[in-house]
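Work through the exercises below with the sequence and the model in view. Each task is followed by its solution.

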Amino acid sequence: QKRNAGESEFLQAVTEVAETVIPYIQDHKKYREARILERIVEPERVIIFRVPWLNDRGEVEVNRGFRVQMNSAIGPYKGGLRFHESVNLSVLKFLAFEQIFKNSLTGLPMGGGKGGSDFNPKGRSDHEVMKFCQSFMTELYRHVGADIDVPAGDIGVGSREIGYLFGQYKRIKGEFTGVLTGKGYEWGGSQIRPEATGYGLVYFVKEILERQKETLKDKKIIISGSGNVAQFAAEKCILEGAKVLTLSDSNGYIYNPKGIDLEGLAYIKKLKNDERGRISAYATKYNCDYFEGKTPWEVEGDIALPNATQNELHKKDALKLVQNGCFCVAEGANMPCTPEAIAVFNQYKIYYAPGKAANAGGVAVSGLEMSQNSLRYTWTRDKVDAKLQQIMREIHTLCVKHGKEDHDYINYERGANIGGFVKIADAMLAQGLV
Ligand code: NDP
């Protein structure tokens with residue numbers, strides 16, 4: 001607590017893991033004696049740097065850049081870059097910490113890291129975004145590399161930003177390597193990467209339902225967010241015959257009782273990705289309700305998919321969801337549910353799938369992008385999709401193995417934490433005191 005004073009998000013993420021992992025460590029002397037938990041919460045390295053750049057008016061702007069290299073026990077650091085004004089060390093340490101467990105769960109050889117800046121591309125011209133990305137990479141390039149640390153996108157970092165970052169790295173280093181994932185398909189990207197987090201989330205939900213002899217058909221789905229994860233989670237739900245009732249952005253949520261269809265979703269993709277508009281425009285065009293300043297958790301539905309940002313679903317929202325008959329909550333975003341909300345889900349035996357398991361599909365396909373780059377080869381869409389489904393199935397199996405409780409109830413949170421922990425801890429033990 002003292003060493004990380006003021007880092008509330010990081011402390012929250014560590015507490016959540018520690019609560020389930022400590023009892024397991026108590027039972028395993030080798031982890032206890034090697035003080036694995038004390039070591040795993042300390043980043044291997046944190047890089048903080050100045051990012052000066054010129055805006056369109058010719059004025060100097062200064063942002064702060066970060067890269068948290070959390071753990072490399074099972075592979076090169078891997079994790080996204082976030083560009084948003086809320087970015088600070090605490091947020092990135094929480095994300096990097098979550099990332100090491102998530103990457104471990106995928107079964108692929110990837111360590112954990114995260115980075116970004118307090119720069120927000122929203123409202124900036126393409127030219128300004130390029131200038132910023134070039135300045136950011138002019139420092140970051142010396143800390144990353146295909147076998148060292150491989151960043152990807154996250155909030156505020158999509159294919160445009162990855163392109164500018166990659167271009168600058170290539171220019172400085174004079175080499176074309178897989179230093180970033182989320183690249184365009186024509187220049188080293190993987191099929192299915194844009195879809196991977198949202199699709200993977202829905203594959204995970206399908207696994208949960210299958211254990212209950214249920215399917216997604218006609219289920220009512222409540223989704224928050226309308227960015228990358230939310231769009232493709234919604235798409236897969238619709239393709240599976242479910243009814244997507246809501247989507248949101250930082251201003252409010254839309255509610256379509258008939259369900260958003262593929263045509264409406266195509267409109268939203270264009271609106272959010274190309275025009276960078278507000279979700280309220282959908283309500284106007286499709287003549288449905290829009291709730292300004294509200295989150296969608298008050299809507300009645302079977303399954304909730306929080307896909308926007310951290311701490312967006314609170315205790316009162318959790319109680320409302322339970323009261324409305326929701327039986328499954330799966331996190332597309334990282335840490336969207338507060339600890340008090342998770343306690344409600346546990347109390348009422350709601351199936352709660354934490355982000356480190358449920359949203360691991362994105363980084364899994366990033367790992368597959370790294371494999372394809374190393375092979376200098378590209379796999380087909382079907383092949384990558386099949387591998388993604390297989391990985392999500394295996395993560396689910398691991399969660400069941402470590403999270404089984406009385407009456408066949410699965411505590412996915414415990415399952416994911418312990419399932420992710422064991423592999424990293426064993427690798428750290430094998431590599432000595434590093
Ligand atoms: P995007 O930037 O594409 O979309 C983010 C969405 O969340 C937007 O609709 C945005 O609204 C909304 N949002 C952002 N901040 C807030 C806030 N403070 N309050 C309310 N709404 C907010 O990001 P992604 O879809 O890529 O990421 C969403 C979440 O998923 C993040 O937690 C991310 O870490 C996580 N994640 C993403 C992965 C990926 O592959 N992209 C992989 C694994 C996890 P607005 O349009 O108004 O900004």
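**Exercise 1. Describe how strand β7 pairs with β8.**

Step 1. β7 and strand β8 (residues 252-255) run antiparallel and share four bridges. Strands here are DSSP E runs of at least two residues, helices are H or I runs of at least four, and both are numbered from the N terminus. Two strands pair if DSSP finds at least two bridges between them.

Step 2. The connection between β7 and β8 is a hairpin through two residues. Across this pairing, Leu 247 stands opposite Ile 254 in β8.

A note on the model: it is predicted, local features need pLDDT of at least 70, side-chain atom pairs count only at pLDDT 80 or more, and totals for chains, interfaces and linings use all residues. Residues are numbered from 1 along each chain as its sequence is written.

**Exercise 2. Find the other partner of β7 and state how covered β7 is.**

Step 1. Strand β6 (residues 220-223) pairs with β7 in the parallel sense, over three bridges. One residue pair to locate is Ile 221 and its bridge partner in β7, Val 244.

Step 2. Together, β6, α8 and β7 form a right-handed β-α-β unit. Right-handed means that, with the strands pointing away from the viewer, the path from the first strand over the helix to the second runs clockwise.

Step 3. In strand β7 (residues 243-249), seven of seven residues are buried. A residue is buried if 20 or more other C-beta atoms, placed from the backbone, lie within 10 Å of its own, exposed if 12 or fewer, and partly exposed in between.

**Exercise 3. Place the ligand relative to the domains.**

Step 1. The domain assignment, which is automatic or from a database, gives domain 1 (42-191) and domain 2 (194-358). Their centres, taken over C-alpha atoms, are 27 Å apart.

Step 2. Both domains give residues to the shell around the ligand, so the ligand lies between them.

Step 3. The shell has 22 residues, of which Gly 227, Asp 249, Ser 250, Ala 333 and Gly 362 come nearest; a residue is near if its C-beta atom, placed from the backbone, lies within 6 Å of the molecule. Helix α8 (residues 228-239) gives the largest share, three residues.

**Exercise 4. Is Val 157 buried or exposed?**

Step 1. Val 157 sits in the loop between β5 (149-152) and α6 (159-173).

Step 2. Val 157 counts as buried because 27 C-beta neighbours lie inside 10 Å.
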